[in-house]
Structures are given as C-alpha cells and as structure tokens.
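Let's take a walk through this one, piece by piece. Have the coordinates open and follow along.

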Amino acid sequence: MNTVPTGLDGRFRAAAAAEGLLDVAYDVVESPVGDLFVGVSNRGLCVISYDTDAELQVERLARGFGSRVLRSPRPVEPTRRQLDEYFEGRRHQFDLDVDLRLARDFGRAVLEELGRVPFGEVTTYGALAARAGKPRAARAVGTIMNRNPIPIVLPCHRVVGADGSLVGYAGGLERKQQLLRLEGALLA
Amino acid sequence: MEPVRIPPFETFYDENKDPVFAHLRRLLGDGAEDAFQETFLRALRAYPRLKDGRHLRAWVFTIAGRIAIDEARKQRPRGAMPEVAVEDGLPPHAELGPLTDELPPKERAAVVLRYGFDLPYDEIAAALGSSEDAARQAASSGVRRLRERSKQT
C-alpha cells in the first residue's frame with residue numbers, strides 16, 4: 001500500500017501538464033518503424049527519437065528546454081494521432097507546431113526547408129542546401145539531417161544522394177527504406 | 001560547496017513519489033491522495049527556482065508536511081484529528097511551519113518531522129535519505145539554530 005496507485009500517478013501527470021507547469025511532456029508512441037520517444041514543449045513538438053532510452057532522453061531534454069520534463073501522455077496525443085494516420089496512409093501532411101529553438105542559423109533554415117519537402121517525393125542534400133541559401137553545403141546538410149530533432153514529421157528520410165542512393169539515416173537505412181516505401185517513393 | 005545539479009523533474013518524481021506517498025498515508029490515511037497531488041504540483045511550481053540539487057527529499061517532505069497540516073485543518077471540524085492539542089485551534093505541528101521557514105531544508109524537515117509529527121528518527125532518516133545519526137544531528141542543530149534566533153529577537 002506504500003507505492004503510489006497508478007490512477008493517482010496518472011492524475012498527477014495530467015494535472016502537471018494541464019496547469020502548464022512542464023517544460024517538456026513526453027511519452028513513447030508505438031509505430032510500424034518501432035517505438036518512438038516523443039516530446040512536446042509549450043511551443044510545440046520538440047523531439048521524436050528512435051532511441052527510447054528514457055533516462056538519456058529526459059536528461060537531454062532537461063539540458064535543452066528546462067528541468068521540468070515529465071512523462072505525460074495528454075500533450076503528446078495530437079502527435080500520436082497524426083503519426084497513426086500517417087502510418088495508416090491517411091495523412092500526407094502533418095499539422096503540428098514544431099519547436100526548433102535549439103537549432104541555429106543555417107541548421108534552422110535547413111530544417112524549415114526540409115519541412116516543405118512533400119510526401120512521396122525525394123530531394124537531394126545539395127538541393128536542400130541550395131534552397132536554404134548555401135548551394136555548396138551539401139555535406140553540412142548531411143550532418144543536420146543526421147541530427148534532425150524531429151524525424152518523420154520533418155522528413156529527412158526524403159533526402160537522398162545526388163546519384164539516388166539512400167546514403168544514411170539516423171534511425172538506420174532500413175527505416176528510411178520503410179518510410180519511403182510507405183510513401184510510394186520507393187518501389188518494393 | 002559547489003551546487004549540485006538539479007535533476008530532471010521526472011527523475012526527482014520517480015525517486016520520491018513512493019516515500020512521499022507512504023509518508024502522507026501515515027499522516028492522513030485516505031486523505032493522502034489529494035495531498036500527494038498537491039505536494040508534487042507545488043514542488044513543480046517551485047522547481048525552476050531551486051538552486052541546489054542537495055536534500056531534495058528533505059525539501060519535498062517539508063512541502064508534504066505543510067500540505068498535511070492544511071489537510072488536517074480542513075479535516076478537524078469533522079473530528080478527524082481528535083488527538084491534536086486545540087488550545088489555539090491549530091495542531092501543534094502547524095506552529096512549526098512558519099517558525100522553521102529560515103532553517104536549511106534538511107534541518108527544517110528534521111525538526112518538523114520530529115517535533116511536529118512526532119516521527120521516530122529511523123523514519124525521519126528514511127524521509128531524508130540519510131542515516132539515523134544524521135537525522136538526529138539535523139534535528140538538534142535545527143533546534144539549536146531556532147533557540148539562537150529566538151534569543152536575538
């Protein structure tokens with residue numbers, strides 16, 4: 001009787017978010033490409049990660065966004081719903097605010113451009129660099145894609161090499177293929 | 001001393017939720033659930049102002065203690081706390097809240113738990129996450145500090 005009942009724990013986590021007391025609310029969302037760690041700040045979606053090691057993610061979020069990081073499913077709900085719809089093929093565009101406050105200058109410009117690459121299409125590292133204003137920065141764009149804080153919603157899986165090769169993906173090439181196949185951008 | 005980094009709230013909550021709940025159950029019985037939620041919401045509100053990650057358990061137990069006092073006050077008219085001294089209409093531990101405001105958190109928690117709630121030192125030690133000796137020492141140096149202060153004023 002000396003451990004917190006699940007219902008009470010859940011009520012506290014919901015109340016903490018409802019009162020606007022959290023820097024980041026997070027939860028783990030199931031998906032066909034594996035479990036996703038999802039975090040939402042008061043400004044919007046701030047992290048999606050294939051790495052669901054909560055301790056590591058929570059530390060990282062606390063350093064970047066503030067110490068009040070708590071697992072609380074409610075604020076993550078719209079993201080969860082839109083991800084579900086995306087994976088079921090019913091959604092081609094995410095309608096979510098994103099919080100890119102940790103991205104600076106060129107990195108931020110690139111991530112904003114990335115958000116405009118449409119469902120089912122691919123672009124190249126060089127083309128994305130050019131659209132963000134630095135045509136010769138393809139390599140830098142590669143690094144920015146590798147550290148994309150919000151994969152899937154900011155579709156770095158749609159960025160490929162100039163020769164059409166998949167090049168790389170922070171979540172593993174298999175996931176990149178899986179996402180492109182789901183979007184019909186890759187045959188079989 | 002170098003300040004200790006404040007852990008993410010999730011870590012703090014995870015480490016303290018069960019001991020705080022057990023403590024509130026002892027103090028309030030069935031009323032513990034509301035007090036539990038209020039304790040951690042209050043901790044969450046104050047969390048960004050914390051300067052040092054030391055003695056966080058003592059800190060949250062102090063918050064829980066204060067909330068338990070408020071709860072006890074609410075319950076009193078229904079006769080829920082019959083054993084409480086009623087001379088001035090307040091349970092004795094209620095007096096300790098404001099009196100001990102300026103003590104360092106660990107000493108404050110030790111004093112409130114010992115003299116306000118009459119907890120034995122082994123339970124205070126558990127609450128503070130320290131040894132029984134350290135709990136005894138924190139309570140006595142807290143009392144000493146209060147005495148010195150009352151001489152000054």
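What follows goes from the overall confidence to the sheet in chain A and then to the place where the two chains touch.

First, a word of caution: this is a predicted model. Its overall scores are ipTM 0.92 and pTM 0.80. Chain B has an average pLDDT of 81, and 84% of its residues score at least 70. Within chain B, the confidence peaks in helix α2(B), at a mean of 96, and bottoms out in helix α4(B), residues 92–99, at 62. Over residues 79–90 of chain B the pLDDT even falls below 50, and beyond near neighbours in sequence this stretch has eight contacts in the model. Where pLDDT is low, the predicted coordinates should not be read in detail.

Now for the sheet in chain A. What is the order of its strands? It reads β3-β2-β1-β4, in an open sheet of four strands with mixed pairing. As a general reminder, strands of a sheet pair through backbone hydrogen bonds, either parallel or antiparallel. Let's go across the sheet one pair at a time.

Start with β2(A), residues 36–41, and β3(A), which run antiparallel and are joined by four bridges. Along this pairing, A:Val38 sits opposite A:Ile48, and A:Val40 has A:Leu45 as its bridge partner. The two strands make a hairpin with three residues between them, and in that turn A:Gly44 has a positive phi of about 145°.

Step over to the next pair and you find β1(A), residues 24–29, running antiparallel to β2(A) with six bridges between them. A:Val38 turns up again here, as the bridge partner of A:Asp27. This pair is a hairpin too, with six residues between the strands; A:Gly34 in the turn has a positive phi of about 105°.

The parallel part of the sheet comes next: three bridges join β1(A) to β4(A), residues 69–71, and these two strands run parallel. A:Tyr26 stands opposite A:Arg71 in β4(A).

Which strands stand at the edges of the sheet? They are β3 and β4 of chain A; each has a single partner strand, so one side of each is left without a neighbour in the sheet. On average, neighbouring strands are turned by 20° against each other, direction ignored. Being at an edge of the sheet doesn't leave β3(A) out in the open, though: five of the five residues in this strand, 45–49, are buried, so the rest of the structure largely encloses it.

That leaves the place where the chains meet. Here 20 residues of chain B are in contact with 20 residues of chain A. On the chain B side, α1(B), residues 9–28, and α2(B), residues 32–46, each supply at least two residues. The largest share, nine residues, comes from α1(B). By class, the side of chain B that touches chain A splits into 12 nonpolar, two polar and six charged residues.

Zoom in on one helix pair there. Helix α1(A), residues 6–18, packs against α2(B) at an angle of about 35°, with the axes 10 Å apart, and the crossing is right-handed. Who meets whom? From α1(A) come A:Leu8, A:Arg11, A:Phe12, A:Ala15 and A:Ala16, and from α2(B) come B:Glu33, B:Phe36, B:Gln37, B:Phe40, B:Leu41 and B:Leu44. Sorted by class, this helix contact has eight nonpolar, one polar and two charged residues.

Key
Residues are numbered from 1 along each chain as its sequence is written. Chains are lettered from A and ligands numbered from 1 in the order in which they are written. This is a predicted model: local features need pLDDT of at least 70, side-chain atom pairs count only at pLDDT 80 or more; totals for chains, interfaces and linings use all residues. A residue is buried if 20 or more other C-beta atoms lie within 10 Å of its own, exposed if 12 or fewer, and partly exposed in between; C-beta atoms are placed from the backbone. Two strands pair if DSSP finds at least two bridges between them. Two residues are in contact if their C-beta atoms, placed from the backbone, lie within 7 Å. Ala, Val, Leu, Ile, Met, Phe, Trp, Tyr, Cys and Pro count as nonpolar, Asp, Glu, Lys and Arg as charged, and the others, Gly among them, as polar. pLDDT is the predictor's confidence in each residue, from 0 to 100. Axes are lines fitted to C-alpha atoms, for helices over the stretch in contact, and angles run from 0 to 180 degrees between N-to-C directions. A crossing is left-handed if the near helix is turned anticlockwise from the far one by less than a right angle, and right-handed if clockwise.
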